[in-house]
Amino acid sequence: MLLSTKDASSAEVRRSHRLILILAISITHSTGCWRSEMGTVAGSLTKDGKPVAKVGLTFITTGRPTSVGTTDADGRFTLSTRRLNDGAYAGQHVVVIRRDPPTGDRYEDPAKTPLKAEVIAGRHNVVDLVIGR
């Protein structure tokens with residue numbers, strides 16, 4: 001069966017629209033629509049008023065990927081989840097400290113750490129953590 005010129009151009013238009021839709025969906029997913037559910041996070045970690053340097057931090061929330069960061073010489077950190085410095089997913093987080101070698105204290109255990117933080121989507125969140133002895 002032969003298509004008329006009108007039918008053929010209509011079929012081409014529908015194919016073009018489908019292709020554009022598929023490309024738009026692909027671009028949306030590859031550029032990170034998940035970012036709207038995240039907030040950037042920066043902060044500090046101190047003990048007895050002094051910076052805690054060169055330790056890892058893990059922010060854990062239910063049902064989402066964890067976020068990680070490492071303190072610098074001044075105890076400052078930023079968090080990354082999917083990309084460098086992209087922050088963390090919104091919600092309540094349990095914060096775990098990772099040391100090398102591990103010390104076995106309560107801050108290294110997600111079930112025992114008293115450190116908590118809330119991350120708000122679409123905002124820059126400042127989280128200043130203080131640990132005791």
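The following exchange goes through the core, the salt bridges and one hairpin of a predicted model.

Local features are reported here only at pLDDT of at least 70 and side-chain atom pairs only at pLDDT 80 or more, whereas totals for chains, interfaces and linings use all residues. Residues are numbered from 1 along each chain as its sequence is written, and side-chain values use heavy atoms, with hydrogens and water left out.

Student: Which strand gives the most residues to the largest nonpolar core?
Tutor: A nonpolar core is a set of buried Ala, Val, Leu, Ile, Met, Phe, Trp, Tyr and Cys residues joined through side-chain atoms within 4.5 Å, where buried means under 20% relative accessible area, exposed over 50% and partly exposed in between, with a 1.4 Å probe and protein chains only. The largest such core has 18 residues, of which Leu45, Leu57, Phe59, Phe77, Ile97 and Leu129 touch the most other members. At least two residues each come from β1 (38-47), β3 (56-60), β7 (91-98), β8 (116-119) and β9 (124-131), strands being DSSP runs of E of at least two residues and helices runs of H or I of at least four, numbered from the N terminus. The strand that gives the most, with three residues, is β9.

Student: Which parts of the chain does the salt bridge between Arg64 and Glu37 tie together, and how many residues apart are they in sequence?
Tutor: A salt bridge places a side-chain nitrogen of Lys or Arg within 4 Å of a carboxyl oxygen of Asp or Glu, and for the side chains of Arg64 and Glu37 the N to O distance is 2.4 Å. Both partners are partly exposed, Arg64 at a relative accessible area of 37% and Glu37 at 32%. Because Arg64 lies in the loop between β3 and β4 (67-70) and Glu37 in the loop between α1 (5-30) and β1, the pair ties together parts that are 27 residues apart in sequence.

Student: Which residues do salt bridges with shared partners join into one network?
Tutor: Arg99 meets Asp105 at 2.7 Å, N to O, and also bridges to Glu108, with the closest N and O atoms 3.6 Å apart. Asp105 is partly exposed at 26% relative accessibility, whereas Glu108 counts as buried at 17%. The network therefore consists of Arg99, Asp105 and Glu108.

Student: In the hairpin of β3 and β4, which residue takes a positive phi?
Tutor: β3 and β4 pair in the antiparallel sense over four bridges, pairing requiring at least two DSSP bridges between two strands, and Thr58 stands opposite Val68 in β4. Along β4, Ser67 and Gly69 point to one face and are buried, while Val68 and Thr70 point to the other and are not. Six residues lie between the strands of this hairpin, and the residue with a positive phi, near 75°, is Gly63.
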